[in-house]
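Welcome! Take a moment to turn the structure around on your screen, and then let us walk through it together.

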Amino acid sequence: MIERAEVIVIGSGGLGAATAFYLVKRGARRVVLVDKYDIGSQTSPRAAGMVSCVRKSELMIDLIKLAADRIERFTQETGQPLDWVRSGSLKVARRAQDVAVIDDDIVRGRRLGLDVERISPEEAHRLNPFLEPEGVAAVMRVGDDMYFDPSQVAVGFARGAQAGGATLLPHTAVTRVLIEQGEVAGVETNRGTIHASIVVDAAGAWTRQIAEASGLRIPLVPTAQQLFVTDPLPGVRADLPMVRIMDAAVYLRPCDGGFLWGVYEEDPRFFEMDSLGEKFQIKDMRLDAAVLWRYADDVKQQLPVLLKAHVREHRGGIPTMTADGQHIVGPIAAPRGFFFASGCNVAGLSIAPALGDALAAWILEGSPPMDLAPLAATRFAPGP
């Protein structure tokens, strides 16, 4: 068991593993990546693995463009495999108010150099024949969007970090962050104490538990997210553009000859992780297929395939949500040396390469490479 480190990262999901990798890449010599369970085994591999480049702010578009570039160069950078496809996507509006959103998205996207355009419902059907034009008011095509295998990202970053000298400690539960005289002093685990002056809380659904054990409050809500993967279907190709139906928040992408599809639920289940028990893992989350079938019925006119295709996999995760829908990345005011990488808001895995690198720079150089104030943990004024 290692006793001393320069930086300890708690949690080996996408955000934590990416932070550890870029810390090593930027020159940190003693990085420890700690996880209560297997490395990269919790919510990250259960994600949809979709990269959506049209975001609400210039900062988020800049970050996701950086992340997409890192995903393309993932194997070159980390030495680990990552399957990805730049398929583009179709953002579908069925309501007048959503048409206005699409028009704004196109203006913002073009201004920031994205490949975006408004196309007819019929053209959208030509690009992806599984999307029917009935009931569609407008469609935005986004050529920059892509998808990837979510099971490879966190593990790949972690193995890349290890190859660069980081220490991986799976099956090591952090019970609290040690704080002495207003500064981080290390972590206490079920296998002993590790001393360090910097700790990153990237514990995913357990982020708040790690913080609260150290007397800190961070406003995160662990939230259920689930999806289906269908059997292979005739006519499905890997390069078919992804589909998002705005008002229903249903998404679909190719996956192993079939489709992966899910929904950002309007009224999802929230969790208190402490109430689920000490040995709870994300794989133990109770799934509710009826939720997905209700949404499939809502979009049956546009995506009839959802009700027809046989489901071969039903999986779910517990991403963390914030009140303003923004990630939480960076240090808190006190104690000194305590950083967060959390608040994924169901989009953390796709942007993890950019946020992990930015956080690594913040830790080692004292400031991030861009203004991350909208994501700063201090915007919520956490503290004892």
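## The chain as a whole

Of the 384 residues in the protein chain, 59% count as buried. This is a predicted model, and its protein chain holds 10 helices and 22 strands. Measured by surface, so to speak, the protein chain exposes about 15600 Å², and 49% of that area comes from carbon and sulfur atoms.

How does the overall spread compare with that of a compact globule, and what is the radius of gyration? The protein chain has 21 Å, which agrees with the value near 21 Å that a compact globule of 384 residues would have. The C-alpha trace spans about 65 × 45 × 40 Å along its principal axes. Among contacts with a separation of 6 or more, 76% join residues that are 24 or more positions apart.

## A helix on the inside

Now find helix H6, residues 153–163. Because 8 of its 11 residues are buried, H6 is largely enclosed by the rest of the structure. The buried residues of H6 are Val 153, Ala 154, Val 155, Gly 156, Phe 157, Ala 158, Gly 160 and Ala 161.

What do these buried residues of H6 pack against? Their partners include three helices by name, H1 (14–25), H3 (74–78) and H10 (348–365), along with the strands E2 (31–34), E8 and E9 (167–169). Just after H6, Gly 165 takes a positive phi of about 120°.

## An arginine in helix H4

Next, look at helix H4, residues 96–111, where Arg 108 has its place. Is Arg 108 buried or exposed? Its relative accessible area is 16%, and buried means under 20%, so Arg 108 is buried. Leaving aside residues up to four places away in sequence, Arg 108 touches Val 54, Arg 55, Lys 56 and Ile 61.

## The second largest pocket

Finally, visit the second largest pocket, which holds about 330 Å³ of space. Of the 22 residues that line this pocket, the closest to its centre are Tyr 147, Arg 253, Pro 254, Cys 255 and Asp 256.

Which strands each supply at least two residues of the lining? They are E4 (84–85), E8 (146–148), E17 (250–255) and E19 (311–317). Strand E8 appeared earlier too, as one of the elements that the buried residues of H6 pack against. By type, the lining of the second largest pocket divides into 12 nonpolar, 2 polar and 8 charged residues.

How values were computed:
Residues numbered from 1 in each chain as written. Predicted model: local features only at pLDDT ≥ 70, side-chain atom pairs only at ≥ 80, totals over all residues. Heavy atoms only, no water. 1 Å grid on protein atoms, 1.4 Å probe; cavity = no way out; pocket = protein on both sides within 12 Å on 5 of 7 lines; lining within 4 Å. Points joined across faces, edges and corners; volume = space filled by probe spheres on them. Helix = DSSP H or I, 4+ residues; strand = E, 2+ residues; numbered from the N terminus. Nonpolar A, V, L, I, M, F, W, Y, C, P; charged D, E, K, R; others polar. Rg over C-alpha atoms; globule rule 2.2 N^0.38 Å. Buried < 20%, exposed > 50% of the residue type's maximum accessible area, 1.4 Å probe, protein only. Contact = heavy atoms within 4.5 Å. Areas by Shrake-Rupley, 256 points an atom, 1.4 Å probe, with all protein chains shown as cover.
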